[in-house]
Structures are given as C-alpha cells and as structure tokens.
Amino acid sequence: MLFRSVTTDRGRLGQEKSELEATLEALKTRRDLSEQRIRVLERHFEASLEKLGVPRFSDHPTSRIDRKTYLPEIDGRKFDDLSSQGLQVLVNVALAVAHQKAAIELGLPLPNILMIDGLTTNVGQEGYDAERVHNAYSYLIETAQELGDIVQIIVADGNVPPEADKYVRLRLSERDRLIPIPPDSPVS
C-alpha cells in the first residue's frame, strides 16, 4: 500500500515537473521574442534620433529602451531627466516613428497613424533649435514618402518651416473655432 502511494506520488510529481518545465520554456521563448522586438525598436529609435539631429551627451552616443519602464534612455539619461521640453518633444517624435517602423518590420498590428501636436511649441526658432525644427520636418517628410501607403502622418503646428509648406493640407486660425468668440468679448 505504501509502495503504491509513493509510486503514485512520484508519477504525479513527475507530471507536475514536466508541466513546470514546459511553462518555463514557453516563458523563456516569450522573453526572447520580446527582447528581439525591443532591439528592433531600439535600432529604429537610434536611427530616428540621428535623423532628427537630437543633441547627444556623450562622445559615444547610445540609446535604449528601459526594460522595466519601456521609456527611452539617451546617453544614460532617463526620459524624465532630459534637460528641456523641446528635447523631450524630439525624443517623443523619434520614438513614435521608431514604433511605426519597428511594427511594420516585425509585421505587428499597430494603428498606422502618427499624430504630432505642437512639434515646435517647445523648440526655439534660432540657431541649433531652428536646425532641429528643419531636421524634424525633413525627417517626417522623408518618412511619409517612405511609408506613405502604410502610415498616415498628421502634424498640427503653428510654425511650419517653408520646406514643408507644400504638405500643408489645412490652415486654421482663431476665426475657425467651432463656437466663435464675439470680437467685443473679454476672452478674445
């Protein structure tokens, strides 16, 4: 009787062990696939940063996606530690484009619309900042030409540089409000 009980327990434990090993293997495979996908995203992210001319903080620039927060890191700096809102805007644009390109490369479903609001709001209009604005628009135009049949790019911005004028589809002003504000109103 005791022998039969031990044999039964041993068989059950062997079955549980096999199930646990299969689960561990499936999790390892999933982790490896996730890591592979993140590396593709990182490659596209770094390329986007370069095209945008995002300022770098190292002689050997690096970018990565933090594996715990999934936020970008640039040259060892976490996203929240970036020095300005303008820099954060450019990094966000780089990451958004990288997501689109990585999803396309990997055949993953992702809504193929990229909406960018206020691209130049926190980026200056002179010197290096003006160059970055031009780089951003040039990169978005290049990306639209490359992926135009797959991804729709919409930019809402009040400071479109001249080279992007021919791509403007709609211009709006204060007069184009859903509910117009009377001219004598204290709000206008």
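# Meeting the chain

Student: How does Glu35 count: buried, exposed or partly exposed?
Tutor: Buried means under 20% relative accessible area, exposed means over 50%, and partly exposed lies in between (1.4 Å probe, protein chains only). At 23% relative accessibility, Glu35 counts as partly exposed.

Student: Before we go on, what kind of model is this?
Tutor: Residues are numbered from 1 along each chain as its sequence is written, and side-chain values use heavy atoms, with hydrogens and water left out. Local features need pLDDT of at least 70 and side-chain atom pairs count only at pLDDT 80 or more, while totals for chains, interfaces and linings use all residues, since the model is predicted.

Student: Which residue meets Glu35 in a salt bridge at 3.2 Å?
Tutor: A salt bridge puts a side-chain nitrogen of Lys or Arg within 4 Å of a carboxyl oxygen of Asp or Glu. The two residues here sit four apart in helix 1, so about one helical turn separates them. The partner counts as exposed, at 54% relative accessibility. With N to O at 3.2 Å, Glu35 meets Arg39.

Student: Helix 1, okay. In what order do the elements run from the N terminus on?
Tutor: Helices (H or I, at least four residues) and strands (E, at least two) are DSSP runs, numbered from the N terminus. The chain has three helices and five strands. Read along the chain, they go α-β-β-β-α-β-α-β.

Student: Which residue forms salt bridges with both Arg64 and Lys78?
Tutor: Let's look at the partners: Arg64 is partly exposed at 33%, and Lys78 is partly exposed at 43%. The residue they share counts as buried, at 10% relative accessibility. In each bridge the N and O atoms are 3.2 Å apart, and the shared residue is Glu73.

Student: How many salt bridges does a search of the whole structure find?
Tutor: Some of them share partners: Glu35, Arg39, Glu42 and Arg67 are joined into one network that way. Searching the whole structure brings the count to twelve.

Student: Now the open sheet of three strands. What is the strand order?
Tutor: Two strands pair if DSSP finds at least two bridges between them. Strand 1 (63-65) and strand 2 (residues 72-74) run antiparallel and are joined by three bridges. Strand 1 and strand 3 (77-78) are the edge strands, each pairing on one side only. With antiparallel pairing, the order is 1-2-3.

Student: In strand 2, which residue is the bridge partner of Ile65?
Tutor: Start with the general picture: strands of a sheet pair through backbone hydrogen bonds, either parallel or antiparallel. Here, the partner of Ile65 in strand 2 is Pro72.

Student: Which helix gives the most residues to the largest nonpolar core?
Tutor: A nonpolar core is a set of buried Ala, Val, Leu, Ile, Met, Phe, Trp, Tyr and Cys residues joined through side-chain atoms within 4.5 Å. This one holds 33 residues, and Phe45, Val91 and Leu119 are among those touching the most other members. Helix 1 (2-52), helix 2 (85-106), strand 4 (113-117) and helix 3 (127-147) each give two or more residues. With ten residues, the top contributor is helix 2.

Student: What share of the 188 residues in the chain is buried?
Tutor: In soluble globular proteins, nonpolar side chains tend to be buried together. Across the 188 residues of this chain, the buried share is 29%.
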